[in-house]
Amino acid sequence: LDGEGQIAKGTLKIHAVRQPNNVARSEISGGYYPRFRPGAAADDDPLPDPSQPHSWELGEVAFTTHFETSGQGEAEVKTQLAPGLYRAILETHDKFNKKVTARYQFIVVNPAADQFPVKVPNFVNAAKWSVDVGEQFQLVWGTGYDTGRAYVEVEHRGKILRAFWTEKNVTQQMLTVPVTEEMRGGFTVRVTQVRDNRAYLLSRHVEVPWTNKNLTIKWERFVSKLEPGKKETFTAVVSGPDAKKAVAEFV
């Protein structure tokens, strides 16, 4: 438990998750208390609940491999998966030969598709929530219902830059926002969807850092033979991004 990486061997399996036939909305309270079969062990899977993807049963194995971590406790595995819902199960043993299991559930999305592949009411995600000037911010919205629409807004410093309804007859759509110099400091994205007496609301800040304000200071000293009492010269060199000259004040 000291946080130091360890060398370990084990297996990694990625299962497709069996989805219900229809989307089920969750409890209005938002809480989830998994139910287990009588006499089930603590690490058993909970009983399936159509409104809780983490309780859905495992399907076929989509990918499996063996792994061995480095001295830093890290290993990298790559594979390609079709769009859908997956659960990765990693198994290994600790130094006492006790079995250790880790699980991670994730969704694979094809950004170019117009139909969302998972039976959940609402899905909103972005590859990253911090983008620099010159890049593009990309956000994917989707719904597992056969039909559905969402209202998307992009706001910067109190001004609505974009506001639109997702297209009809699609259940997945991408928002793309080119990030300009004027958007430094960040902007806000809001996605609103209402379905079956449930409001699915997301409001999130997208960071656009002030990378043009990052300055580097270093000292240069010319070493020469000096007589006692004479002055020596030190020069402070201030540089900005991309090694361009920058104007700065300092004490």
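Let me begin with one residue, T101, which, if we leave aside residues up to four places away in sequence, touches I89, L90 and E91. I should say at once that the model we are looking at is a predicted one, so please keep that in mind as I go through it. T101 itself lies in strand β4, which covers residues 99-108. If we take L90 from among those contacts, it stands 11 residues from T101 in sequence, while the C-alpha atoms of the two are 5.6 Å apart in space. Is T101 buried, exposed or partly exposed? It counts as partly exposed, because its relative accessibility is 39%, and the partly exposed class takes in what lies between the buried limit of under 20% and the exposed limit of over 50%.

Now let me step back to the chain as a whole. The protein chain has 13 strands and zero helices, so that, reading from the N terminus on, each element in the series is written as β. The chain has 251 residues, and 28% of them count as buried. If we look at the contacts in the chain with a separation of 6 or more, we find that 60% of them are accounted for by residues 24 or more positions apart.

Next I would like to turn to a sheet. Three strands form an open sheet in the order β5-β6-β9, and their pairing is antiparallel. Which strands are at the edges? They are β5, residues 123-126, and β9, residues 172-178, each of which pairs on one side only. From one strand to the next, the twist averages 15°. If we look at the pairing between β5 and β6, where β6 is made of residues 136-142, we find four bridges joining these two antiparallel strands, and, to take a single example that you can locate in the structure, N125 has V140 in β6 as its bridge partner.

Two strands of that sheet come back when we ask about enclosed space. A search of the whole structure finds one cavity of 30 Å³ or more, and the volume of the largest cavity is about 30 Å³. Its lining is made by L139, W141, V152, F164, T166, Q173, M174 and L175, and the elements that give two or more residues to this lining are β6 and β9. Of these, β9 supplies the largest share of the lining, with three residues. What classes of residue line this cavity? Six are nonpolar and two are polar, while no charged residues take part.

Finally, let me come to the largest pocket, which holds about 420 Å³ of space. It is lined by 15 residues, and those closest to its centre are Q6, A8, H93, D94 and K95. Two elements give two or more residues to the lining of this pocket, namely β3, residues 84-93, and β4, and you will remember β4 as the strand in which T101 lies. The largest share of the pocket lining, three residues, comes from β3. When we sort the lining by class, we count seven nonpolar, four polar and four charged residues, whereas the lining of the largest cavity, as I mentioned a moment ago, has no charged residues.

To close, I would suggest that you find T101 in β4 on your own screen, and then follow the sheet along its order β5-β6-β9.

Technical notes:
Residues are numbered from 1 along each chain as its sequence is written. This is a predicted model: local features need pLDDT of at least 70, side-chain atom pairs count only at pLDDT 80 or more; totals for chains, interfaces and linings use all residues. Side-chain values use heavy atoms; hydrogens and water are left out. Two strands pair if DSSP finds at least two bridges between them. Axes are lines fitted to C-alpha atoms, for helices over the stretch in contact, and angles run from 0 to 180 degrees between N-to-C directions. Buried means under 20% relative accessible area, exposed over 50%, partly exposed in between (1.4 Å probe, protein chains only). Contact means heavy atoms within 4.5 Å. On a 1 Å grid over the protein atoms alone, a cavity is a set of points where a 1.4 Å probe fits but cannot get out, and a pocket is an open set with protein on both sides within 12 Å along at least five of seven lines; lining residues have an atom within 4 Å of a point. Grid points are joined across faces, edges and corners, and a volume is the space filled by probe spheres set on the points. Ala, Val, Leu, Ile, Met, Phe, Trp, Tyr, Cys and Pro count as nonpolar, Asp, Glu, Lys and Arg as charged, and the others, Gly among them, as polar.
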